[in-house]
Amino acid sequence: MHAKILVVDDEADVQPLFIQRFRREIKNGEFDFSFALSGEEALEFLHHHHSEVVLILSDINMPGMTGIELLSRIRHDYEKPPPVVMMITAYGDDENRQQAAEKGANEFLTKPLDFNLLKEKLHTFIHQD
Amino acid sequence: MRRLLVILLLLAAMGARAQQKYADSLKNLIRVAKNDTTKAQLIHQLCYAYTWTNPDSSIIYSRQSLQLARKINYTVGIADGLGSLCDAETVLGNYPQALDYGFKALSLYKKLNNIVGCIYQNSTLALCYRDQGDYKTSMVYVHNALNLAAINHIPDNKVLGLFGEICSVYEKNNQLDSALFYAIKSSEHRSGVLYVFGSIYAKKGDEKLALQYFGKTIADAEASNIQVDIVDAYNGIARLYTAKGEPDSAIYYSKKAIALKSGKTYPLGLLETTTMLADIYEKEHTPDSAYKYLKLTISLKDNLFSRQKERDVQNIAFNEQLNQQELEKQQEQAAIRLKMYVLICVLLIILIVTFLQWRNSRHRKQANLRLQEQKEEIEAALDQLQLTQKQLIQSEKMASLGELTAGIAHEIQNPLNFVNNFSEVNIELISEMQTELESGTKEEVIEILEDVKQNLEKISHHGKRADGIVKGMLQHSRASSNIKEPTDINKLADEYLRLTYHGLRAKDKTFNSELITHFADNLPKVNVVPQDIGRALLNLFTNAFYAVHQKQKKAMPNYQPTVTLSTGMIDALIVISVKDNGDGVSEDIREKIMQPFFTTKPTGEGTGLGLSLSYEIVVNGHGGTIEIDSKEGEYTEFIIKLPI
């Protein structure tokens with residue numbers, strides 16, 4: 001089981017954090033993480049690796065293209081198979097949440113990230129697949 | 001025209017018969033005269049025709065003319081009447097009456113301002129005093145007459161009669177040269193003047209010429225029927241012969257004078273004759289005749305110069321003096337009154353001027369007072385305004401703090417995310433490490449330890465980051481402390497850029513912008529008040545984001561909102577540039593953009609204080625500059641330059 005997950009966040013330290021948090025899963029070959037520092041970079045990555053990516057974790061507040069915009073683009077560009085998109089934001093307010101849901105986000109998580117919860121969700125979605 | 005001039009000239013040219021004819025024709029004219037004034041004038045002329053020939057008749061006609069003039073209120077006529085009365089009474093030797101009439105006439109002429117009248121009346125009075133033997137007083141009137149003529153520039157030909165009269169006064173006063181001068185000047189050469197010539201030459205000792213003139217006098221006077229002059233002439237001849245020591249001749253001529261029987265018409269002349277005869281007879285030792293003439297002399301003297309008469313003359317003269325004094329007093333009073341009126345006028349003018357000045361100065365004072373009040377009001381308003389401005393600045397700070405809160409939350413959540421998760425990872429790693437230590441795999445342990453170390457560094461880094469954000473927030477919320485400290489402009493600008501961006505993002509989800517930063521390396525720390533410069537930048541960032549957001553809202557295709565923050569150094573200046581690719585700013589707005597309360601934002605969205613605050617902070621607070629560069633439709637760039 002090899003699930004490719006794309007993490008989009010303008011914070012560079014997100015990468016070491018994910019790698020360490022999921023080091024066991026990575027070691028086991030359960031998840032395979034790729035990272036993008038902006039929405040634009042994420043789209044670029046998807047353009048080349050669309051078929052591989054099964055799940056996208058994206059921050060909302062990013063300079064340039066926002067997570068919501070990225071979500072819209074993904075939903076617009078990649079209908080089949082629709083990748084799972086989970087939004088992560090520091091703003092856990094209803095408006096953000098509602099907007100994300102409208103644009104077709106599968107999940108809405110708030111910072112600071114609860115990785116146990118995230119793992120559970122990832123397992124759920126990937127297991128569904 | 002005054003009487004003597006015309007009439008006496010006429011008379012001189014006329015014989016006795018002709019004179020009688022003249023008198024008759026005047027009487028005829030008087031009878032037919034329709035106008036009372038003309039009548040009075042004609043009667044008056046008649047008076048003068050009779051003055052020297054028949055003084056009694058002259059007095060009768062004078063009274064008639066006076067009566068008529070008074071009846072018709074003809075003042076000149078009254079004066080003329082009184083004047084001719086004076087003349088006649090003098091000839092008759094009634095000096096008190098003569099003086100009384102003379103003074104009255106003179107005062108009337110004065111009142112009428114009739115100069116020629118005054119001159120002749122003075123001359124008549126001189127004759128009156130002359131006949132009384134008071135030459136001193138007589139000379140006073142002579143001088144009055146001459147002075148009046150001189151002062152008023154009366155030509156000689158208008159006062160020839162005057163010269164004829166005054167020459168006789170000079171002669172009697174023994175001023176022979178003056179007498180001769182005026183006698184010649186009179187140029188009338190009637191009997192009266194001819195007699196004066198005779199007397200002058202007699203006194204000068206020129207017997208022959210004197211006799212000649214006396215002879216001429218008699219001839220002329222007889223022709224004109226002027227008995228007075230005939231008497232005088234005979235007396236003059238008698239005087240000559242007496243002086244020569246020829247008493248018989250003297251007596252002969254004196255008797256001729258006496259034969260004229262001038263006791264009533266010319267008593268003075270007769271007096272001279274009788275006095276002379278009494279002397280001669282006394283010297284000739286003819287007591288009877290001497291006594292006879294002495295008696296006559298005394299009676300005539302009594303008649304002419306009685307004590308009563310003298311008193312009367314003195315009284316009249318004294319009264320006249322009083323009148324004169326009264327007149328002078330009145331004139332003085334009039335002058336004083338005039339002075340007083342002038343003074344009052346001047347005082348009034350001064351009063352008015354003073355009042356006007358007072359009023360002006362009062363107005364000025366009031367205006368000054370009003371100005372002062374207005375100034376105080378304005379100052380109070382200014383104080384109020386400055387206070388309000390301070391309050392506004394504070395509330396603006398608080399408002400921007402509110403704007404930042406969301407950004408700050410986001411900014412804190414991010415580092416917190418790392419702090420929490422890395423520390424949790426470390427706990428896991430450490431427990432893993434324990435397992436590995438038990439199993440004895442040293443390499444694994446070292447690897448884990450390396451990770452733990454890195455994670456701890458990250459925890460530390462993000463902890464500090466959160467700390468910095470919170471500190472910045474606290475700084476921002478505090479009132480400016482105005483303490484300058486060495487500050488890393490790159491860090492400060494970056495921090496506020498992110499705060500602003502996330503703050504705006506938190507407020508409006510549709511907003512988005514690319515952030516490009518070009519931070520110059522090795523930028524020296526600058527001594528600034530960090531929260532102030534931060535606030536100045538925040539305003540610039542807010543405007544930049546607002547600009548790109550507005551353009552974004554227009555939904556232009558392919559538009560990428562971009563805000564570029566650059567730092568650098570030019571000469572000794574730190575340059576911070578905030579550039580947006582919004583719609584730009586038109587030139588007229590560019591001029592006003594730094595003014596307080598100027599805003600292009602819709603009501604309620606902007607206070608118009610942001611940029612003015614930035615300006616205040618950079619220019620006034622830090623001695624720097626803010627420039628604005630813009631191209632409409634393309635970009636706006638704010639450039640802050642701060643001295644190091």
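Two strands are taken to pair if DSSP finds at least two bridges between them. With that criterion in place, I would like to present this complex, which is a predicted model, and I shall begin with the sheet of chain B.

By the criterion just given, β5(B) and β7(B) pair, and they do so in the antiparallel sense over eight bridges. One position in this pairing is Lys579(B), whose bridge partner in β7(B) is Glu637(B).

On the other pairing of β7(B), strand β6, residues 625–631 of chain B, is joined to strand β7, residues 635–643 of chain B, by seven bridges, and these two strands run antiparallel as well. Allow me to go through some of the facing residues. Thr625(B) stands opposite Lys641(B). Ile626(B) has Ile640(B) as its bridge partner. Lys631(B) stands opposite Tyr635(B). Together, β6(B) and β7(B) form a hairpin, with three residues between the strands. In that turn, Gly633(B) has a positive phi of about 85°.

How is the whole sheet ordered? It is an open sheet of five strands in chain B, in the order β2-β4-β5-β7-β6, with mixed pairing. The edges are taken by β2 (514–518) and β6 of chain B; each has a single partner strand, so one side of each is left without a neighbour in the sheet. Neighbouring strands are turned against each other by 15° on average, direction ignored.

Helices accompany this sheet. Helix α20, residues 530–553 of chain B, packs on it and touches β4 (562–570), β5 and β7 of chain B. The direction of α20 makes about 25° with that of β5(B). Helix α22, residues 610–622 of chain B, lies across β6 and β7 of chain B, and runs at about 140° to β6(B). As for β7(B) itself, the strand is mostly covered, with seven of its nine residues buried.

Let me now turn to chain B as a whole. The chain contains 22 helices and seven strands. Of its 644 residues, 41% count as buried. Among contacts in chain B between residues at least 6 apart in sequence, 64% join residues at least 24 apart.

Next, the confidence values. The mean pLDDT of chain B is 83, and 90% of its residues reach 70 or more. Which elements of chain B mark the two ends of the range in mean pLDDT? Helix α1 (residues 3–13) of chain B has the lowest value, 42, and strand β5 (residues 573–580) of chain B the highest, 93. Over residues 1–14 of chain B, pLDDT stays under 50, and for this stretch the model has 28 contacts beyond four places in sequence. For the complex, the predictor gives an ipTM of 0.86 and a pTM of 0.45.

Finally, the contact between the chains. How many residues does each chain bring to the contact? Chain A brings 20 residues and chain B brings 22 residues. On the side of chain A that touches chain B, α1 (14–21), α4 (67–77) and α5 (94–102) of chain A each supply at least two residues. By class, that side of chain A has eight nonpolar, six polar and six charged residues.

How values were computed
Residues are numbered from 1 along each chain as its sequence is written. Chains are lettered from A and ligands numbered from 1 in the order in which they are written. This is a predicted model: local features need pLDDT of at least 70, side-chain atom pairs count only at pLDDT 80 or more; totals for chains, interfaces and linings use all residues. Two residues are in contact if their C-beta atoms, placed from the backbone, lie within 7 Å. Helices (H or I, at least four residues) and strands (E, at least two) are DSSP runs, numbered from the N terminus. Ala, Val, Leu, Ile, Met, Phe, Trp, Tyr, Cys and Pro count as nonpolar, Asp, Glu, Lys and Arg as charged, and the others, Gly among them, as polar. A residue is buried if 20 or more other C-beta atoms lie within 10 Å of its own, exposed if 12 or fewer, and partly exposed in between; C-beta atoms are placed from the backbone. pLDDT is the predictor's confidence in each residue, from 0 to 100. Axes are lines fitted to C-alpha atoms, for helices over the stretch in contact, and angles run from 0 to 180 degrees between N-to-C directions.
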